[in-house]
Amino acid sequence: QVQLVESGGGLVQPGGSLRLSCVASNIYRVGTMGWYRQAPGKQRDLVATITNVGTPNYADSVKGRFTISRDNVKNTVYLQMNSLKPEDTAAYYCYSVGSATAWGLRINYWGRGTQVTVSS
């Protein structure tokens, strides 16, 4: 079965950096991958996406601070987060378009999330 596993979250001081990783396994025909985040009591919002040819897209709130990248051989997406602010505190979820079989329907798959807390 398809699995997406995030890592790299944690506690960091304002102005600090973290690098999130997400590995997708047992997945075929991988398309766009990306990251969303959800703070307590709020909706899940887009952070960044990247197409399978490497075209990125960012939420305005993270432009210039976050960088998304991917390794198509490893089916892994990364999120480098610099100049972190307290308002970046949230659970970060990765997702990937893909299919469970070589011929199956392509849908969005989600990870279980990794917590990022920015606090002094």
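Me: How many bridges join β4 to β9 in this predicted model?
Reply: The model is predicted. Strands β4 and β9 run antiparallel. One of the paired positions is G34, whose bridge partner in β9 is Y95. The number of bridges that join β4 to β9 is six.

Me: Which residue in β10 is the bridge partner of Y95?
Reply: Strand β9 also runs antiparallel to β10, and four bridges join the two. Y95 is the residue of β9 that is the partner of G34. In β10, the bridge partner of Y95 is W110.

Me: Which residue in β11 is the bridge partner of Y92?
Reply: Strand β11 covers residues 114-118 and runs antiparallel to β9. Three bridges join β9 to β11. In β11, the partner of Y92 is T114.

Me: How many of the nine residues of β9 are buried?
Reply: A residue counts as buried when its relative accessible area is under 20%. Strand β9 is largely enclosed by the rest of the structure, because its buried residues number nine of nine.

Me: What is the strand order in the open sheet of four strands?
Reply: The pairing in this sheet is antiparallel. Strands β1 (3-7) and β7 (66-71) are the edge strands, each pairing on one side only. Neighbouring strands are turned by 15° against each other on average, direction ignored. The order is β1-β3-β8-β7.

Me: Which residue in β8 does V23 stand opposite?
Reply: Strand β3 holds residues 18-25 and strand β8 holds residues 76-81. The two pair in the antiparallel sense over six bridges. The residue in β8 that stands opposite V23 is T76.

Me: What distance separates the C-alpha atoms of N82 and G16?
Reply: N82 is found in the loop between β8 and β9. N82 counts as partly exposed because its relative accessibility is 29%. N82 and G16 are 66 residues apart along the chain. Their C-alpha atoms are separated by 6.1 Å.

Me: Why does D88 count as buried?
Reply: The cut-off for buried is under 20% relative accessible area. D88 falls under that cut-off, so it counts as buried, at a relative accessibility of 1%.

Me: How far apart along the chain are D88 and R37?
Reply: The side chains of D88 and R37 meet in a salt bridge, at 2.9 Å from N to O. R37 is buried, with a relative accessible area of 12%. D88 lies in the loop between β8 and β9, whereas R37 lies in strand β4, and the pair links distant parts of the chain. The separation is 51 residues.

Me: Which residues are joined into one network by salt bridges that share partners?
Reply: The side chains of D88 and R65 also meet in a salt bridge, at 2.8 Å from N to O. R65 lies in the loop between β6 (56-58) and β7 and D88 in the loop between β8 and β9, so this pair ties together parts that are 23 residues apart in sequence. Both D88 and R65 are buried. The network consists of R37, R65 and D88.

Me: Are D60 and K63 buried or exposed?
Reply: A search of the whole structure finds three salt bridges. In one of them, the side chains of D60 and K63 meet at 3.1 Å from N to O. D60 and K63 are both exposed.

Me: Which strand gives the most to the lining of the largest pocket?
Reply: About 180 Å³ of space lies in this pocket. Its lining has 14 residues, of which R37, A39, K42, D45 and E87 lie nearest the centre. The lining divides into six nonpolar, four polar and four charged residues. With three residues, the strand that gives the most is β5.

Me: Which strand gives the most to the lining of the second largest pocket?
Reply: This pocket holds about 160 Å³ of space. Its lining includes V2, L4, Y109 and W110, and it divides into five nonpolar, three polar and two charged residues. Strands β1 and β10 (107-110) each supply at least two of the lining residues. The strand that gives the most, with four residues, is β1.

Notes:
Residues numbered from 1 in each chain as written. Predicted model: local features only at pLDDT ≥ 70, side-chain atom pairs only at ≥ 80, totals over all residues. Heavy atoms only, no water. Pairing = 2+ DSSP bridges. Axes fitted to C-alpha atoms, helices over the stretch in contact; angles between N-to-C directions. 1 Å grid on protein atoms, 1.4 Å probe; cavity = no way out; pocket = protein on both sides within 12 Å on 5 of 7 lines; lining within 4 Å. Points joined across faces, edges and corners; volume = space filled by probe spheres on them. Nonpolar A, V, L, I, M, F, W, Y, C, P; charged D, E, K, R; others polar. Salt bridge = Lys/Arg side-chain N within 4 Å of Asp/Glu carboxyl O. Buried < 20%, exposed > 50% of the residue type's maximum accessible area, 1.4 Å probe, protein only.
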